[in-house]
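Welcome! Here is a short guided tour for anyone meeting this structure for the first time. Have a look at the picture, and then we can walk through some of its parts together.

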Amino acid sequence: MKTAVMTDSNSGIKPEEAETLGIYSLPMPVIIDGKVYFEGKDIAQEQFYGDMLAGKDVSSSQPSPGDVMDMWDEILKSGYDQIVYIPMSSGLSASCHAAIQLAQDYDGKVQVVDNHRISVTMRQSVMEAKRMAENGATAEEIKKKLEKDAYNASIYIAVDTLEYLKKGGRVTAAGAAIGAVLNIKPVLTIQGEKLDAFAKVRGMKKAEIKMLDSIEDDLNNRFGNVDRDKIRIGAAGTFLKEEDAEQWYEMVRERFLEIKDVYYDPLSFSIGCHVGPNAIGIGISVISRDC
């Protein structure tokens with residue numbers, strides 16, 4: 001069996017990078033003042049966050065069934081026998097369950113993974129799937145393995161402004177106003193399912209320290225018995241300036257020198273819609289080598 005690996009741009013893997021990696025990545029749609037754009041295809045970060053700052057109506061959307069099935073059909077026609085599809089967590093979007101329903105018409109040729117991940121931890125699931133496929137694993141075997149290991153990951157995100165959490169109904173208008181006056185920066189977490197509150201601190205510097213300390217705690221306690229060569233740490237953000245992204249990446253890399261694989265990815269637009277520009281994130285995940 002020749003198995004293809006497919007994901008969506010919530011993994012941080014855009015179409016051009018996917019081609020280099022030998023996988024397939026479906027661009028996720030975003031809607032700006034009623035017009036649909038596709039992440040990594042016809043809209044860049046500068047325009048996306050610039051439009052948010054300009055007060056335009058910005059929202060995320062799930063891919064259409066037609067776009068999903070068109071990519072599946074294209075892959076199967078190109079010589080693959082099976083597809084393992086890794087969309088964003090079912091706890092964050094209905095797109096995963098929608099894909100599971102669509103896959104029922106493909107007689108087992110398409111296996112949809114409910115991996116409970118997004119962004120930098122989702123990327124590691126995709127890379128693990130690619131490694132397994134290259135070693136001869138079937139789509140069903142990859143699905144079972146990824147779902148078994150899905151919760152071996154954490155993500156923390158610090159929000160620079162409460163404005164977009166207020167728009168999404170996660171913070172009241174009064175709470176956002178008080179937070180702005182007091183320079184409160186919420187730290188959010190994704191532990192497999194939803195985006196939840198984790199901590200509140202004063203200022204982004206303290207938020208950075210809180211997240212770094214939280215990852216270190218995961219590393220030493222939750223994943224304390226895991227070999228360091230099986231740990232991956234990803235820095236992330238919705239930075240408007242490239243130098244800010246580089247600075248955050250360097251902070252993460254220097255804090256975790258014992259981890260060989262530390263990398264940076266922009267947060268996906270699906271997360272960016274909720275956290276706004278200049279948010280910072282970090283994720284930790286465990287990979288397996290037993291199959």
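Let's begin with two helices: H3 passes H4 in a right-handed crossing. Please keep in mind that this is a predicted model. The residues that make the contact are Pro65, Val68, Met69 and Trp72 on the H3 side, and Ala99, Leu102 and Ala103 on the H4 side. Sorted by class, this contact of H3 with H4 has seven nonpolar residues, no polar ones and no charged ones.

How do the two helices lie relative to each other? H3 covers residues 65-77 and H4 covers residues 95-103, and they pack at an angle of about 55 degrees with their axes 11 Å apart. H3 and H4 are therefore oblique to each other.

Now for the sheets. Here is a general point to carry along: strands of a sheet pair through backbone hydrogen bonds, and they do so either parallel or antiparallel. Two open sheets are set out in the table.

| Strand order | Number of strands | Pairing | Average twist from one strand to the next |
|---|---|---|---|
| E4-E3-E5 | three strands | antiparallel | 30 degrees |
| E10-E9-E8-E13-E11-E12 | six strands | mixed | 20 degrees |

Let's take the three-stranded sheet, E4-E3-E5. Its edge strands are E4 (35-38) and E5 (58-60), each of which pairs on one side only. Strand E3, residues 29-32, pairs with E5 in the antiparallel sense over three bridges. For isoleucine 31, the bridge partner in E5 is serine 59.

E3 also pairs with E4, again in the antiparallel sense, over four bridges. Here proline 29 has phenylalanine 38 of E4 as its bridge partner. E3 and E4 form a hairpin with two residues between the strands, and in this hairpin aspartate 33 takes a positive phi near 50 degrees.

Next comes the six-stranded sheet, with its mixed pairing. Which strands form its edges? They are E10 (195-202) and E12 (262-266), and each pairs on one side only. Edge strand E10 is joined by seven bridges to strand E9, residues 184-190, and the two run antiparallel. To find a spot along this pair, look for proline 186, which stands opposite lysine 200 in E10.

As you follow the strands by eye, one more general point may help: in a regular strand the side chains alternate between the two faces of the sheet.

Notes. Residues are numbered from 1 along each chain as its sequence is written. This is a predicted model: local features need pLDDT of at least 70, side-chain atom pairs count only at pLDDT 80 or more; totals for chains, interfaces and linings use all residues. Side-chain values use heavy atoms; hydrogens and water are left out. Two strands pair if DSSP finds at least two bridges between them. Axes are lines fitted to C-alpha atoms, for helices over the stretch in contact, and angles run from 0 to 180 degrees between N-to-C directions. Angles under 35 degrees count as roughly parallel, over 145 as roughly antiparallel, 65 to 115 as roughly perpendicular and the rest as oblique. A crossing is left-handed if the near helix is turned anticlockwise from the far one by less than a right angle, and right-handed if clockwise. Contact means heavy atoms within 4.5 Å. Ala, Val, Leu, Ile, Met, Phe, Trp, Tyr, Cys and Pro count as nonpolar, Asp, Glu, Lys and Arg as charged, and the others, Gly among them, as polar.
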